[in-house]
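Got a minute to poke around a structure together? Load it up, and let's go through a few questions.

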Amino acid sequence: MNLRQTLDCLPRDARDTLWLLFVIAWVIAPQAGILPLWAGLLAAGLLLWRGWLAWTGRPLPGRWTVGALLVLAAVGALFTYRTILGRDAGVTLIVVLLALKMLELRARRDALVVFFLGFFTMLSNFFFSQSLSTAAAMLVALLGLLTALVNAHMPVGRPPLMQAFRIAGAMALLGAPIMAALFMLFPRMAPLWGVPGDTMAGRSGLSGVLKVGNIAELALDDSVALRVRFDDLAAPPQSELYFRGPVFGSFDGVEWHALTYRGAPPSGAAANLRVHGAPVRYEVTLEPHQQPWLLLLDAAVDKPVLAGMESSMTQDLQWLANRPITDMLRYRAQSYTGFTYGPDTLTASLRAYTELPAGFNPRTWALARQMRSELQTAPGSTRDSAWALVQAALTRLRTGGYVYTLEPGVYGLHGADEFWFDRRQGFCEHIAAAFVVLMRALEIPARIVTGYQGGDRNPVDGFWTVRQSDAHAWAEVWIAGRGWVRVDPTSAVSPGRTGAFERLRTPRGAFATAVDTVISPGLVHSLRAVWEAANNRWNQWVLNYTQSRQLDLLKALGFASPDWQDLTMVLGILIAAAALGAMAWSLCERNRQDPWLRLLARTRQRLAHAGLALPETLPPRAIAQQVRDRFGARSAALADWLLRLERLRYAPRAETGLHQLRREFRRLPWPAAPKS
């Protein structure tokens, strides 16, 4: 006996329970990597236990067992999160409660609670991800829950699940227009859940603090950081695509931090940005990263065009929003790849960029003294030729056997010394940090800039995709008469990193290697491009449908200066029109019923009110006989009316006679209702 035959032989309660368990498992599955390990194992164990009970027909556990498990889950959530409030703790408890509720699924009320918890858990998946794949999975979950709900309202017999699925699908299609109207016009509000902390350590990406040397191996993260669409068909070369993020100017020997001033910045600290050449106009779709950083192409003079946010530029050209980016954000900007900035002459503010903590990297200090001595003795050189020292350091990186790698090992306390003299390998953070330490030892103002460099153009939709794996660190040095100058020491070690845009790749596992031997890499690349283009459309038209776009829609409908009140009015009008349309459809369906049968049904209702309940299968002649037997001679007019109603069923011009009988129906001497 196969599985389908076995399921057909199960009692209906067992079959329906197994279906509901499958749907709930589908709803919970996307949160497997988000829930604490104990919560995921507990939920899975409870669902498997409930499935085994349904399969074997065994009784459900007692309330004391369920109560003990509930207390255990609450204690686990309190121990894990130090609270039972908030997004993460709340979702964990909801998932466990949903699984526990299946253990006391005894009555119709319990089933309704399970359905409502299932719908809420389905929505909670969007607290963590709003991607196209999550939306598709939750659409399947919605149809599954609706199927189970419809099936629960079909208590008689053993209706097939496919019948309930068709009804659920029809309900979803009927509700789709209302859903679309609510999506388009319901006023946008901020999210109701909290935001996660910064958990970027150990993976490629940006962070608010740069700690070099404590990561032995860097795992490349291919998730999308931002997407860019350039207005012109010809985008700047990949080697010029530097998207600026946090700038680090303060070093304590272990960590790099942003340089902050007490009070107002010192005199001469202004950005003094000067641009030249044609501007590059583009639009950015920035993924949420829980920080206020706005990633713009170096360098932007004017504010990016944001919806509902303010932005400002720091003295080191970094653009910041007035609040963290917790949702996908789209903005337009204009940048110049040709620019200079910073003071032309040495100022007091620049001295902070030459400071190094005492007692760290002594061999790098010695290397700096050696380089200065060599520069002084070189023919035609000058003592203050800072740019010549920069070029000497880059030459050392090109010719000294230095390697760009994702697995440099753990560095010790003197990280710059280890890089320059011992390991001679690292990824961009190691290279940039060691370079800046050497520049400061040479008394050249220098700092580290982080952000993203490069990107991939999607041939399907023309958007440039910048990933977390494109995160990069480079240096800026101050040169008299030129200001701050970008220097990318990683390009000296590995020119392909920024020139030919060659990325290091994390070693592939056995499964990925086997897939590459079966499926053409070109096909995989094409499928990925199509998927990312579809995901980008989802981001642009659904996730990034902001209030400003709602108001733009109203402007297109003729509103001069729309606001949220206009949105509410239009939405109310649409809902009222939908309600009136539903009423008209209901009346139309009612009129489509056979008027003769409808009049006969009204007759049975009046007689049932008088105490004579009759089955629907009786014809008018049999009803007339029942009326005579029950009410006697005083019902003669009613019995005669029923006989004429039966003859009219087969009359050639029934509509005229039916209209007459309908008028007589109101004047008939109906029997009185029995006294209680």
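A quick definition before we start: a salt bridge here is a side-chain nitrogen of Lys or Arg within 4 Å of a carboxyl oxygen of Asp or Glu. And keep in mind that this is a predicted model.

Q: Which residues are linked with Arg244 and Arg447 in a network of salt bridges?
A: The structure holds 20 salt bridges. One of them joins the side chains of Asp298 and Arg486, at 3.5 Å from N to O. The network takes in that pair plus one further acid, so the partners of Arg244 and Arg447 are Asp298, Arg486 and Glu476.

Q: How many residues apart in sequence are the parts that Asp298 and Arg486 tie together?
A: Asp298 sits in the loop between S9 and S10, while Arg486 belongs to strand S20. Asp298 is buried at 2% relative accessibility, whereas Arg486 is partly exposed at 30%. The parts this pair ties together are apart in sequence by 188 residues.

Q: Which peptide bond is cis, with omega near -5°?
A: Look in the loop between S9 and strand S10 (311-313), where Ala299 lies. Asp298, the buried partner of Arg486, is in that loop too. The cis bond runs from Asp298 to Ala299.

Q: Which strands stand at the edges of the open sheet of 5 strands?
A: The strand order is S9-S3-S16-S19-S20, with antiparallel pairing. Strands of a sheet pair through backbone hydrogen bonds. An edge strand has a single partner, so one side of it is left without a neighbour in the sheet. That description fits S9 (296-297) and S20.

Q: Which residue in S9 does Arg244 stand opposite?
A: Strand S3 covers residues 242-248 and pairs with S9 in the antiparallel sense over 2 bridges. Arg244 also belongs to the salt-bridge network. Its opposite number in S9 is Leu296.

Q: Which element gives the largest share of the largest nonpolar core?
A: That core has 45 residues, and those touching the most other members include Phe435, Leu438 and Met439. Among the elements giving it two or more residues are helix H12 (428-441), strand S16 (446-453) and strand S19 (471-479). One helix lies across S16, S19 and S20, running at about 15° to S19. That helix also supplies 11 residues of the core, the largest share, and its name is H12.

Q: Which residues of H12 (428-441) does Val477 touch?
A: Val477 is among the core residues that touch the most other members. Leaving out residues up to four places away in sequence, its contacts include Trp387, Val390, Trp484 and Val485. Matching the contacts against the range 428-441 gives Phe435 and Met439.

Q: Is Asn361 buried or exposed?
A: Asn361 has a positive phi of about 50° although it is not a glycine. It is found in the loop between strand S13 (338-340) and H9. Its relative accessible area is 4%, and the cut-off is under 20%, so Asn361 is buried.

Q: Where is Gln290, with its phi near 65°?
A: Gln290 is another residue other than glycine with a positive phi. At 22% relative accessible area, Gln290 is partly exposed. Its place is the loop between strand S7 (280-286) and strand S8 (293-294).

Q: What is the C-alpha to C-alpha distance between Arg649 and Trp596?
A: Arg649 lies in the loop between helix H20 (636-648) and helix H21 (654-667). Setting aside neighbours within four places in sequence, Arg649 is in contact with Asp594, Trp596 and Leu597. Arg649 and Trp596 are 53 residues apart in sequence, and their distance in space is 7.4 Å.

Note on methods
Residues are numbered from 1 along each chain as its sequence is written. This is a predicted model: local features need pLDDT of at least 70, side-chain atom pairs count only at pLDDT 80 or more; totals for chains, interfaces and linings use all residues. Side-chain values use heavy atoms; hydrogens and water are left out. Helices (H or I, at least four residues) and strands (E, at least two) are DSSP runs, numbered from the N terminus. Contact means heavy atoms within 4.5 Å. A nonpolar core is a set of buried Ala, Val, Leu, Ile, Met, Phe, Trp, Tyr and Cys residues joined through side-chain atoms within 4.5 Å. Buried means under 20% relative accessible area, exposed over 50%, partly exposed in between (1.4 Å probe, protein chains only). Two strands pair if DSSP finds at least two bridges between them. Axes are lines fitted to C-alpha atoms, for helices over the stretch in contact, and angles run from 0 to 180 degrees between N-to-C directions.
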